[in-house]
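Trainee: I have just opened this entry and would like to go through it with you. May I ask things as they come up?
Mentor: Please do.

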2 protein chains.
Amino acid sequence: MRRFVAEKAKNLITKTRTTYSSPTSTYVLQRHTSSPLPSPSQSASVLRFLSTLHTAPSDSMASDYSSTPVTLNNVNPKVLKCEYAVRGEIVNLAQKLQQDLKENPGSHPFDEILYCNIGNPQSLAQQPITFFREVLALCDHPVILDKSETQGLFSADSIERAFQILDQIPGRATGAYSHSQGIKGLRDTIASGIEARDGFPADPNDIFLTDGASPAVHMMMQLLIGSENDGILCPIPQYPLYSASIALHGGTLVPYYLDEETGWGLEISELENQLKTAKSKGIKVRALVVINPGNPTGQVLAEANQRDIVEFCKKEGLVLLADEVYQENVYVPEKQFHSFKKIARSMGFGEKDISLVSFQSVSKGFYGECGKRGGYMEVTGFSPEIREQIYKVASVNLCSNISGQILASLVMSPPKVGDESYESFSAEKEAILSSLARRAKTLEDAFNSLEGITCNKAEGAMYLFPRINLPAKAIKAAEEAKTAPDAFYARRLLNATGIVVVPGSGFGQRPGTWHFRCTILPQEEKIPSIVSRLTDFHKQFMDEFRD
Amino acid sequence: MRRFVAEKAKNLITKTRTTYSSPTSTYVLQRHTSSPLPSPSQSASVLRFLSTLHTAPSDSMASDYSSTPVTLNNVNPKVLKCEYAVRGEIVNLAQKLQQDLKENPGSHPFDEILYCNIGNPQSLAQQPITFFREVLALCDHPVILDKSETQGLFSADSIERAFQILDQIPGRATGAYSHSQGIKGLRDTIASGIEARDGFPADPNDIFLTDGASPAVHMMMQLLIGSENDGILCPIPQYPLYSASIALHGGTLVPYYLDEETGWGLEISELENQLKTAKSKGIKVRALVVINPGNPTGQVLAEANQRDIVEFCKKEGLVLLADEVYQENVYVPEKQFHSFKKIARSMGFGEKDISLVSFQSVSKGFYGECGKRGGYMEVTGFSPEIREQIYKVASVNLCSNISGQILASLVMSPPKVGDESYESFSAEKEAILSSLARRAKTLEDAFNSLEGITCNKAEGAMYLFPRINLPAKAIKAAEEAKTAPDAFYARRLLNATGIVVVPGSGFGQRPGTWHFRCTILPQEEKIPSIVSRLTDFHKQFMDEFRD
């Protein structure tokens, strides 16, 4: 199977390279086949998420469009290389099955598709936080603010907050482009929220409001990557936004492996080794990506570990790109979220000592407002002339959406004791977070009870990343089906139960190991049936393939 | 002056290239200095908008940040090359002056800054369309839909529409990520709107909803540009999103000049010449950008001209990228907007004959909802495997914001005769569009009455692009002030009147000609005072510099 994948990737690369000289992809191939880790399987594994295997050219498909100018041979090869499994092949199959169920109820052994592939809480019936939505609605249609009926429909503090926010917007124009970093008053609020969280100052001029965290990540990759010689250290497993963004910007992903045995530990020695290997191949490593709490791995970093990471970035001259979008999703009492900025500042590193970007999003936390596309990055430790470049790139897209901006400010300054909404807000928040913790534990226990499956604790974030020890027979069957073993398992699971998970190969994993990512987001009352469906499926699968 | 600009650009390029081999920028220099048009001035002019002159490195600025890893020498050179004048130097000065006025009222010879630099209607007090905002507010906070007070606050058809839209969203979850192309039901509505507009079928699967038109343009550039050998034909003058996006993606802008003498006419012979020149230099031209109605130039293309353009793209195998965001902004009875898709279909070109992308935005039209970041592209004439690539790139950013998606559907299906809101909606729309037409005419006449200024008609869009015949003395003064002559004029204008316009060099212009872009968006009651301030300033300027 692995040979097949590598072969297919090679062919694709050769095919798509006919008119293009820069050997980015073959470079990746070479770099990894000569790496100290087991070579063929690693090259296969890395290629799984760096190359676009499921979009290999098919001449028959193209025939009708033979007179149109864009083909797989002349499209940007960086686009071909990019892969994003969270919405990949398995999800396409799920959408097909959902359509089937709609058109022919009873056509499958399940009556609904359960999307556990993506951290999208409200798609699985999580309700929005009332206060946040009240404020958004009032800012969308401010003319009702003064009407008497409004007081019957909206809480007093949401009305007050909407007035405050409108006063921060020049001309109260929620329909105008804002400053390209976002509305100044909202950035003030966010900076105060960061200060309250960290106990260290935050500067509103360091905040760049963005349409969710993804565009912010792209912006930083765009800044740092000038050619395939620019490398970005990324965890493996990683959230594939990073590999996709690096591929689109033509850089090199320098992998560092998280240690599954120690609960997805991040070892500095591994960072050092991978940095050294990359350097020896002529890669200039520019930045280190850390996802804390982890995605897809769910671990929460210990404070001492974070200090070592900061020290490492400082010593090696790396930008620390801290994905902190799950900062409010911590489920175990023994762990706490600490921002990397707080850690760096508490170590005595100031603005001019370390370059640090923290990404935050309104899509995660207890609010899960994915559809609003709000978020920000806090950019510290860059010289004024580089800041000017970041601002310029932000300004080309004018600004992020104002509702998302408002929501980002609300998330960082929710109702306080004494506010009319405080109690109901706290109850909504607590109900969601405690339920997420229970769901995480139930699913973790369920996975660990299955033959050949081991699953680390979900300390935080929204995911479990269980490891499957697949029998040789299953691996052989996957090879015959021309698919990766974990994708084979995920496809079988979907076809049997309607449960959608993402194969580990979409995130990267140690060669020869197989995983899948499953969110903890289905409604709590559905968890028992999910567990029993999973268990039944897995038993049958093992019965079929057990060696 | 021109020598100075070219020199400065050259130095910058050399400086930023120390660690980078691919000579994209110097290539542009060479290409243009050997072009058939007057060479030194053209290279200066093209460099004005292709290079980042105002961000030249300054060693003194960097000193404090000497231990941080990102510098102008190792940042992505494509980022350095990118320029976006609509929010550039002059706007930064305007923001500074605004701060001055706030802190020290009376410190300048004007009491407010008038932002005529950007098509941002609501920042200049244009009110949002009531029906649109009602629906958005209800979709943001659907729990009020069933409450009795709501009927006192919202129109009946806005409530009905909100219910309809919620029914189109899986699980009614306006806070969930949607399909990466946008919510299917909304795409159905948009496709129907396009069909009604054009009289030809539209497919909801061709619609990609985006956060405004800018990300859609980036997505297409990303698809088409693999290296600096990929060229994009762009009008000069152009909206600098195009030059910025081409620079960021490392491609080559192939300019075609609009003919100012014929009201910014688009001549096929000019396209042919520029295509030939580009080919002779080894550039593979991939696409033609057409902005209709024109930005910054305000012309509306004649139907016959559009047919010739379609024919040209078909013949030359170019993707036609049609920026149609001003489709509802046409102010003269003798002209009408026709989408390029309608033109192509009416010529008998079907889906498989021509690759055509139409960009639309909620930021323009009579609604001007810039802050909502809604928009879509209609993508036709691409093979399934290329469509898959476009979908994949869209999926990396998950989806565009749902409020923007909803608004895009509303814009394409406003209230109809018989709906409760129809009359008020029509009145709001008509008031805005007729006022814009009057403002355009008043400003156009005012410019044409000034010594040395000529201004084509604003047939559509939101801008005038007057040409200034600057006296030699003014050009010399600009040279001494180390700035482009049109930037010199714009800066003087701002300092004297508080009116912010964008120098023509930010859009590109025929070498040796000077322009500025001025929006027609200030409130109608302010237009007379703007005209008198402009007139007084210009007289004084000419008195100072007249040869």
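Trainee: How many residue pairs are in polar contact across the interface of chain B and chain A?
Mentor: The rule finds 42 such pairs across that interface, both residues being at pLDDT 80 or more. Please keep in mind that this is a predicted model.

Trainee: Which elements of chain B give two or more residues to the side that touches chain A?
Mentor: They are helices of chain B: α4 (59-62), α5 (77-81), α7 (130-140), α8 (148-153), α11 (213-224), α12 (241-248), α16 (384-396) and α17 (402-411). The largest share comes from α16(B), with 10 residues.

Trainee: And what is that side made of, by class?
Mentor: On the side of chain B that touches chain A there are 44 nonpolar, 41 polar and 22 charged residues.

Trainee: How many residues does each chain bring to the contact?
Mentor: Chain B brings 107 residues, and chain A brings 107 residues. Between them the two chains bury about 8,800 Å², with 57% of that on carbon and sulfur atoms.

Trainee: How many salt bridges are there between chain B and chain A?
Mentor: The count is four. One salt bridge is between the side chains of B:Asp140 and A:Lys372, at 2.3 Å from N to O. In general, side chains of opposite charge can pair when their charged atoms come close.

Trainee: How many salt bridges does the structure hold over all chains?
Mentor: The total over all chains is 54. A:Asp100, for instance, forms a salt bridge with A:Lys96, and their closest N and O atoms are 3.8 Å apart.

Trainee: What separates A:Asp100 and A:Lys96 in helix α6 of chain A?
Mentor: About one helical turn separates them, because they are four residues apart in α6 (residues 89-103) of chain A.

Trainee: Changing topic to sheets: in what order do the seven strands of the open sheet in chain A run?
Mentor: The order is β2-β8-β7-β6-β5-β3-β4, and the pairing is mixed. At the edges are β2 (207-210) and β4 (252-257) of chain A, each of which pairs on one side only. Neighbouring strands are turned against each other by 20 degrees on average, direction ignored.

Trainee: In what sense do β3 and β5 of chain A pair, parallel or antiparallel?
Mentor: Strand β3 (residues 230-236) and strand β5 (residues 284-291) of chain A pair in the parallel sense, over four bridges. Within this pairing, A:Ile232 has A:Ala287 of β5(A) as its bridge partner.

Trainee: Which strands does helix α10 of chain A touch as it packs on the sheet?
Mentor: Helix α10 (residues 184-198) of chain A touches β2 and β8 (375-380) of chain A, and its direction makes about 115 degrees with that of β2(A). Helix α16 (residues 384-396) of chain A also touches β2 and β8 of chain A, but the direction of α16(A) makes about 20 degrees with that of β2(A).

Trainee: What about the three-strand sheet in chain B; what is its order?
Mentor: That open sheet runs β10-β14-β13 in chain B, with antiparallel pairing. Its edges are β10 (463-464) and β13 (502-503) of chain B; each has a single partner strand, so one side of each is left without a neighbour in the sheet. β10(B) pairs with strand β14 (residues 516-519) of chain B over two bridges, and B:Leu464 stands opposite B:Cys518 in β14(B).

Trainee: Now the backbone: which residues does the cis peptide bond with omega of about 0 degrees join?
Mentor: That bond joins A:Ile236 and A:Pro237. A:Pro237 lies in the loop between β3 and α12 (241-248) of chain A. In chain B, the peptide bond from B:Asn292 to B:Pro293 is cis, with omega near -10 degrees. The loop that holds B:Pro293 is between β5 (284-291) and α14 (303-316) of chain B.

Trainee: And what is the phi of B:Trp264, positive or negative?
Mentor: B:Trp264 has a positive phi of about 60 degrees, although it is not a glycine. Most residues other than glycine have a negative phi. B:Trp264 sits in the loop between β4 (252-257) and α13 (268-280) of chain B.

Key: Residues are numbered from 1 along each chain as its sequence is written. Chains are lettered from A and ligands numbered from 1 in the order in which they are written. This is a predicted model: local features need pLDDT of at least 70, side-chain atom pairs count only at pLDDT 80 or more; totals for chains, interfaces and linings use all residues. Side-chain values use heavy atoms; hydrogens and water are left out. Contact means heavy atoms within 4.5 Å. Buried area is the accessible area (1.4 Å probe) that two parts lose on being put together, summed over both. A polar contact is a pair of N or O atoms within 3.5 Å; within protein, one must be able to donate a hydrogen and the other to accept it, and residues adjacent in sequence count only if both atoms are side-chain atoms. Ala, Val, Leu, Ile, Met, Phe, Trp, Tyr, Cys and Pro count as nonpolar, Asp, Glu, Lys and Arg as charged, and the others, Gly among them, as polar. Two strands pair if DSSP finds at least two bridges between them. Axes are lines fitted to C-alpha atoms, for helices over the stretch in contact, and angles run from 0 to 180 degrees between N-to-C directions.
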